[in-house]
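Colleague: Could you walk me through this structure, a few questions at a time?

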Amino acid sequence: MIFKHRKVLYRVTFVLSVAAVFMLGPLGGTAPGADSSFDPAAMSDMSDFDPNNFQQPEGDTIKLGYLQIMSGAAAGNGELFWPVVTWVAHDINKRGGIMVDGKKKKIEILKGDTQGKPAAARKETERLCLEENVDLLWGTSGSHTAKAIADVAEEYKVPFLNCLSLSDELMNEKNFNRYTFRTLSNTTQWNMALSYYFSKRPETKFSILCQDYMYGHAMADAFKKYLNKYKPEAEIVSEDYHKLWLKDFAPYMTKIMAANPDILYTADWLPDGDNLINQARSMGVNLPIANIYITNPDTLASVGVEGTRNMIFCYSWMSGDTPQTKAQKKLMKEWHEQWKTWEAPYDSLLYIWPDFVVGQTISDTYWLFDVIQRTGTLDPEKIIKVWEDDVYKAIQGVRTMRAADHQAVFDMYVGEATYPTREVYEGAPYSEGYAGVHKVIKIPQKYCTPPVPEGLKDRVE
Amino acid sequence: MIARITPPAWTRWVLPGIAAAILLGYPLVFGTVYTNIFIHFAIFAVFAASLNMLVSYTGLLSFGHALFFGGGAYATALALENIPGMGLFPAIFTGGLAGAAFALIVSPLLNRVRDTAFALLTLALGQLAYMACIKLRDITHGEDGVGGFPIPDLSIPGVVSVSMVPAQNFYYLAIVILGICLLLMWFLTKTPFGSIMIGIRDNPQRVDFLGFNIPLTKCLIFTLSGFFAGIAGSVYALFNNLVTPDGVFHIMTSFTPIMMVYVGGIGTFAGPIAGSGLMTIIEEIATRYTTQLVLFNGILLVLVVMFFRTGFVGLYLLLKQKLFEKESSR
Amino acid sequence: MDPMTFICVTQFVHGLAYGLLLFLVAAGLSMIFGMMDILNLAHAYIFMLAAYLGYTMTGLLNFWAALLLAPIGVALLGMLIERFMLRKIHPLGHIPELVLTIGIGLILLEFVKWIWGTQSLMLQPPEILSGLLSIGVFRYPVYRVFIIGFSIAVMILMGLLFYKTRFGTIVRAATADAGMVGALGINVPLVYTLFFGFGTWLAGLAGVVVAPFLSVFPGLADQIGFDAFVVVVLGGLGSMSGAFIAAILIGLLNSFGIQFLPTLAPLLTFGLMAVVLSIKPTGLLGERQ
């Protein structure tokens, strides 16, 4: 009993101390040295926004090619980010568009179905570039399809915002091209942030359970590497890789229980992540699970308060129940208000708040158009010039586009789910029926900046 | 009765001549997007035709043909990535050989089963290849695949050297290679060997009694089919400059040519080619205007099986026959 | 109890539960093939449809009502497919059947996406089946115990149906010689339709039982479909007892593989299949091709 209390005490002291160390400066303050920043006051009244009925502008437009999986069993990917791109486009269009080449132009979005296959992604990108003459490309889930898109983007010199694929290799010296910009945290950033976070926690014994393919192994390897760097006393007590779309996690759970770790680390995405936590909890494995993609409110609610307690999330965008900046607070509230009016499929809990990947991609899309606005032209070479080394004060945090490898670097955030959160103000994010993130801890950029790939170091002077 | 007038000999060259002219002029008229769609169609026409050798001529339904296609694609991609100075034709030939080698390796196992068991065993082998490809990360780079390998120029030393990166140049290479493959396969069906294939489908016992070694013949058919599927995969690899397990070893890669054969018309040589064309057009229209590609494919398959069992080619022959009958009755 | 024994016993029960679940999914597929010589590639999609129906009905009524109603729903669908589609093309051989059932599967996939959307849904087992059961030092999830018991019950039910009822007698007779059974004045096509319905009913049961175990999403059919085929192929096409043994073997190989040979675990099933098929191409207990 005393033991248990001591653990609670540890945790409280820990959270308080970490919060004290990391809490950001004044909310909404201007970042010194930023080239530009997101202005929440400029955001349009979004009450007429409907993702099911996006108003494409007429006439001379800025064309954005939206490349995602839209058909087949994984079509949910294409659906998930449609409100993201249309939201940003609607907002900017309502402001009257962007001044490019001496003319105010609104944003038109053209869909390209990658089917989750590189060959189809390539073909669709080619069609968008050559037939529709898109000015910009936006995508996509799956590093292999992103690679196919990046190749075409380079061929036809169309800037490509990759805000959804995280493989380090995608931007290394072999695969780098000038037209592709990645704003999502890569494998290294993610694991540096988590490892640094764990260096401030008392736990020392870790179990790893990832998917048995390139991504799972890359994530686990990076985690081991940086955990060893930030917390040499940490010990990996078990390390397993399960096959994709695993049905039964029980044998792994028995193995993990026998190893008796303090933390279970997983990089699983859906449906594996959902099944992992569900089956772990049903077997009485109540370890804290450090994860990236188990953020679907439906899943969390189904696992319940007890099941979600102690889950550790890591992302480049995280609001918790108290959004970190004024801009974030405004976006959260505005989106949530509008969400109440949306019809299927966008009426589900998946879209209730623009948090995690949704928030991050909204922010990245705003950044893209901010760059276009400042460039004042759609000339790709000039866009590249403006975007390289750009420092942008985004909705949450400051983001810098490294010129050498076109990888955005920024602060990361880690949050521990403790108990169901409240609606702090009207429209504020809360977690009903599951433990949510109450305190968001910032991992400063300097602890999670990945090294520039060797061959790209002297790409720009 | 109308006496048939034999047309003059030169007319036999009219249709092929027109076809050749269209093929030659196609990329100049239609531009890059449609050129690439045509290359995609041609790759899958050859892939489906190689499957057709088994399905229509030998009566064996392979559910794992992606094994040979993917084997060819990976062999070419890995050869170009790892062997400096690899030529274009050796690379393509490597792909064909890999497809053939895979077929040769699995043929003793496949020889022992027929019918649905054959279909399921090939399905399992195809799936095994998919898993192994993801598992052998050090060689195949897992799900990220092999990409960005150098595409060699088409060069005859001292004479000419043409880059194969521009879509139009690649188009001519692809249609020549794939065209030769189709001609070879067609030629094969006209040889005595083709008759033995059909014999194995219709009456294996008789073929056996005639003194042909059935297992060995089947083994040869698998190997040839694997070779052509491998060539198709190889051209696919060069075309996309990226080979991934999801792209070439996935179960849908095995199902696609089956659908093409069936939609085009099973039991005919032209079937898979027509099927590839039809399904490419449907995919183009479906992805352009809707997000319902899978639904369209599903409905198409059900309709074809229920109402047009002879497929597109059968429908064409039927229409031709009807028109001809009308003319003769007039 | 020493830790190794504890782990082995636990992994054994894991393997048993998972194997029986696989058997439940594959039973209908194997049965329809054994009796009617139809390989139903839409089986996994029907299974997925049942999982979705189970999810919705659990929300509207409760889990037990879902377990009763959803399988009946998909069984009716199965009978319609048999009566109006498969029966017409059966004389044409296997290839049209395979292509048709792929087509039906793709349509069902789009159907569930249209009705339920693309995101994953998760269901918790009913109160009485949640939590952990304690037996000595072992604590085991009640729902997994339920899966073991339920699958065994279904197996016994199938045994009784085949060997103790008139329907079973007719079915077995029709498998041996359909013409002769028809000559006795029995409506064989109707028997076939009912039998196909029974096979899809089993897929439906499996779907509802899986819903609280795996998250329900449009990829569920692909996720579990291939495993069902492995069970059927390994067990021997059309052999129920073969499918049962194969399912248990795969389940045990899976859990012990994960415990002791972790890097090879994902390939062990294929290894087993390759070994068995090279020795006996018809599978463990299969007789015909």
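Below, a colleague asks and a modeller answers.

Modeller: Happy to help! Please keep in mind that this is a predicted model.

Colleague: Which element gives the largest share of the side of chain C that touches chain B?

Modeller: The contact takes 31 residues from chain C and 34 residues from chain B. On the chain C side, the elements that give two or more residues are α3 (63-89), α4 (94-116), α9 (220-235) and α11 (265-279) of chain C. One of these supplies 13 residues, the largest share, and that element is α4(C).

Colleague: How many residues on that side of chain C, the one that touches chain B, are nonpolar?

Modeller: Let's sort the residues of the side of chain C that touches chain B by class. There is 1 charged residue and there are 5 polar ones. The nonpolar residues number 25.

Colleague: Are α4(B) and α9(C) oblique or parallel to each other?

Modeller: Helix α4 of chain B covers residues 115-135, and its axis lies 11 Å from that of α9(C). The two helices pack at an angle of about 130°. Angles over 145 degrees would count as roughly antiparallel and 65 to 115 as roughly perpendicular, so an angle between those ranges falls in the remaining class. That makes α4(B), relative to α9(C), oblique.

Colleague: How many residues of the contact of α4(B) with α9(C) are nonpolar?

Modeller: From α4(B) come L120(B), L121(B), L123(B), A124(B) and Q127(B). From α9(C) come F226(C), F229(C), V230(C) and V233(C). Sorted by class, the contact of α4(B) with α9(C) has no charged residues and 1 polar one, and its nonpolar count is 8.

Colleague: Now chain A: which element supplies the largest share of the side of domain 1 that touches domain 2?

Modeller: The domain assignment of chain A gives domain 1 as 36-185 + 325-409 and domain 2 as 188-315 + 413-447. In chain A, 15 residues of domain 1 are in contact with 14 residues of domain 2. On the domain 1 side, α11 (326-339) and α12 (356-375) of chain A each supply at least two residues. The largest share, 4 residues, comes from α11(A).

Colleague: Which residue takes a positive phi in the hairpin of β1(C) and β2(C)?

Modeller: Strands β1 (residues 132-135) and β2 (residues 138-141) of chain C pair in the antiparallel sense over 4 bridges. Within this pairing, S134(C) stands opposite R139(C) in β2(C). The hairpin has 2 residues between the strands, and the residue with a positive phi near 60° is G136(C).

How values were computed. Residues are numbered from 1 along each chain as its sequence is written. Chains are lettered from A and ligands numbered from 1 in the order in which they are written. This is a predicted model: local features need pLDDT of at least 70, side-chain atom pairs count only at pLDDT 80 or more; totals for chains, interfaces and linings use all residues. Two residues are in contact if their C-beta atoms, placed from the backbone, lie within 7 Å. Ala, Val, Leu, Ile, Met, Phe, Trp, Tyr, Cys and Pro count as nonpolar, Asp, Glu, Lys and Arg as charged, and the others, Gly among them, as polar. Axes are lines fitted to C-alpha atoms, for helices over the stretch in contact, and angles run from 0 to 180 degrees between N-to-C directions. Angles under 35 degrees count as roughly parallel, over 145 as roughly antiparallel, 65 to 115 as roughly perpendicular and the rest as oblique. Domain bounds come from an automatic or database domain assignment. Two strands pair if DSSP finds at least two bridges between them.
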